[in-house]
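Grab a viewer and work through these exercises one at a time. Try each task before reading its solution.

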Amino acid sequence: MFVDNVRIYVKAGDGGNGAVSFRREKYVSHGGPDGGDGGNGGSIVFRVDTGSNTLLAFKYKHKFIAENGGNGRGGKFHGATAEDMVILVPPGTLIKDSESGKIIHDMSDCEGADFVCCRGGRGGWGNRHFATPTRQVPMFAKNGTKGEERELILELKMLADVGLIGYPSVGKSSILSCISSAKPKIADYHFTTLSPNLGVVSTGGESGFVAADIPGLIEGAADGAGLGHAFLRHVDRCRLLLHVVDISCFEGRDPIEDVKLINTELERYSPELASRPQIILANKCDALDREVVDVEAFESFVEENGWEMMYVSAATGENLDEMVKLVAERLEELPPLRIYDGELVYEETVTTGEKETVIRRQNDTFYVEGDWLYNLMGQINFDDYESLNYFQNVLKKSGVFEALEAKGCKDGDTVSMYDFEFDYVK
C-alpha cells in the first residue's frame, strides 16, 4: 500500500524534577542540601530512511511521545536523561505544521543531519543550587520544563530527476521497466499503475538518474479526477518531464489534444511545474500507421511549442538508449533537485526564550497566566517562607508586578495565578 500524506502528533519528553534533600548520615546531623538535578527529556528527531519510499508506517500509528527525564535524588544523584525518539521517514518527506500548513523542514538530504522537531524539556535543579549564605536550608527545588509538542503533516514528494507523465495506458510503466530495473505492474487497461514507481536509470559507470512513473493523468486531474490529483505532488521536484503519448492512436485518441489537456492540468496545479522542460516521447511507434495518423501535424505542434521529440517503442526497445542519453545530457544543463525552504520560523518555547505573560481582569480579580509561570509554580513550596520569597523575587524581576499595576491593580485587589491566590500589596 502506498501512503504519501499523514497527520501525526509528536511530543518531546518532560524534564525530570529536581530533588529536595539534605545530607543525613552518621556524625553529620545537619548536612547541607544535596538534592540532585532532574534529567533532560527525550527529543523528537526525524531521520531519513533511504530504504523507504512510502509513509505506510504512519498509517496506524499517529502518536509519538518521547520518554520523560528521570527525577533527581538525594546524595546529588542526577536523574537519567531520556533517549531521543527517532522517527524514520523516506527521503523527500516534507514536515509541515498542521495548523498553518507551512513547511517546517524538508527531509531530502539523504546524507544530511537529523532534524530535531521538538526539543525535550530541561531537567530541574535540585535544592543544592538554591543554597546561599542567608538561605542555608532551601526547602524547594526546580521542576523540569515541559517538552515541546506539535501536530504535524508528513507529505512525501518523491526525489526523482525525471517524471514520466501522460494519459493512462500510453506506456509510461513499460518505458520505465525497459530503462531501469524497476518492475511496475503492466497491463492493458487504464489505471494499472495505482502509485508512483521509482527506477534508477544507469547512464554508464556510476552515473545515472532517477525516473518516476506517475499514475495516469486525465482531464480534471487538478480538481481530483482520476488518480492525478493524489500524485501530482510527486512531480514537483522533477527537473525534466518526459511526456509520453500513444502515437499509434490505437484507442482513437488525438495525441495533440492529449498533450494540450495534460499541460493544462499541470498549469492549473502549478504554473511553475508546467514551465519545466519537456521531452515528448511518441511511444508505440512500432504500431504507427502514417497513412492513418497525421504525423506531420503532430511534429509541427511539438516544434511550435519548443519541445524536443523522439519516437520510441517500449515493445521493441527502439530509440530507448538514445532517449536515455538525451535525458542525461539535458539533466546536466538543469539545476539540481528542488529543496524546499522552511516557511515556519521555528521558535523556542517560552521556557527557554521570551517569557510571555497574559493578564486579564474580572471585577477586582486579576488572572495571570503563562507557560513559564506554570512551570515556575511547580517549583515552589508555598508552605515555606524562603520558597515564597524566591517566588516573589522572580515575579518582580520578570515584570509581573509592573504589568499588574499597568492593568490597574492596586492594594487589596485579588491576584490569581492558577490555583494560587493572594491580595496584592505594593
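In which loop is asparagine 319 found? Start there, but a word on the ground rules comes before the solution. You are looking at a predicted model, where local features need pLDDT of at least 70 and side-chain atom pairs count only at pLDDT 80 or more, while totals for chains, interfaces and linings use all residues. Residues are numbered from 1 along each chain as its sequence is written, and side-chain values use heavy atoms, with hydrogens and water left out.

**Exercise 1: two asparagines**

Task: place asparagine 319 and asparagine 363, then look at phi and accessibility for each.

Solution.
- Step 1. Asparagine 319 sits in the loop between strand S14 (308–311) and H6. Helices here are DSSP runs of H or I with at least four residues, strands are E runs of at least two, and both are numbered from the N terminus.
- Step 2. Its phi is positive, about 65°, although asparagine 319 is not a glycine.
- Step 3. With 29% relative accessibility, asparagine 319 is partly exposed. The cut-offs: buried is under 20% relative accessible area, exposed is over 50%, and partly exposed lies in between (1.4 Å probe, protein chains only).
- Step 4. Now asparagine 363: look in the loop between strand S15 (358–362) and strand S16 (365–369). Here phi is near 60°, again a positive value in a residue other than glycine. Asparagine 363 counts as exposed because its relative accessible area is 70%.

**Exercise 2: a helix and what covers it**

Task: describe how H1 packs against H6, and say which elements cover the buried residues of H1.

Solution.
- Step 1. Two packed helices are described by the angle between their axes and the distance between the axes.
- Step 2. For helix H1 (residues 172–179) and helix H6 (residues 320–333), the axes come within 11 Å and cross at roughly 85°. So H1 is roughly perpendicular to H6. Axes are lines fitted to C-alpha atoms, for helices over the stretch in contact, and angles run from 0 to 180 degrees between N-to-C directions. Under 35 degrees is roughly parallel, over 145 roughly antiparallel, 65 to 115 roughly perpendicular, and the rest oblique.
- Step 3. On the H1 side you'll find Ile175, Cys178 and Ile179, meeting Leu320, Met323 and Val324 of H6. Contact means heavy atoms within 4.5 Å.
- Step 4. Sort that contact by class and you get 6 nonpolar, no polar and no charged residues. Nonpolar covers Ala, Val, Leu, Ile, Met, Phe, Trp, Tyr, Cys and Pro; charged covers Asp, Glu, Lys and Arg; the others, Gly among them, are polar.
- Step 5. H1 is mostly covered, with 7 of its 8 residues buried. The cover over those buried residues includes S9, strand S10 (197–202), strand S11 (208–213), S12, S13 and H6.

**Exercise 3: an enclosed strand**

Task: find out how many residues of strand S12 are buried, and which strands pair with S12.

Solution.
- Step 1. In strand S12 (residues 240–246), 7 of the 7 residues are buried, so S12 is largely enclosed by the rest of the structure.
- Step 2. Check the two faces: Leu240, Leu242, Val244 and Asp246 point one way, while Leu241, His243 and Val245 point the other.
- Step 3. Strand S9 (residues 162–165) pairs with S12 in the parallel sense over 4 bridges, and glycine 163 stands opposite leucine 241. Two strands pair if DSSP finds at least two bridges between them.
- Step 4. S12 also pairs with strand S13 (residues 278–283), in the parallel sense over 6 bridges. There, valine 245 has alanine 282 as its bridge partner.
- Step 5. Back to His243: it is touched by asparagine 263, which is found in helix H3 (residues 255–269). Asparagine 263 is buried, at 13% relative accessibility.

**Exercise 4: an open sheet**

Task: work out the strand order of the open sheet of 5 strands, and name its edge strands.

Solution.
- Step 1. The order is S3-S1-S8-S5-S6, with mixed pairing.
- Step 2. Strand S3 (63–65) and strand S6 (103–107) are the edges, each pairing on one side only.
- Step 3. Inside the sheet, strand S5 (residues 93–97) and strand S8 (residues 149–156) pair in the antiparallel sense over 5 bridges. Aspartate 97 has leucine 152 in S8 as its bridge partner.

Methods. Lists of a residue's contacts leave out its neighbours within four places in sequence.
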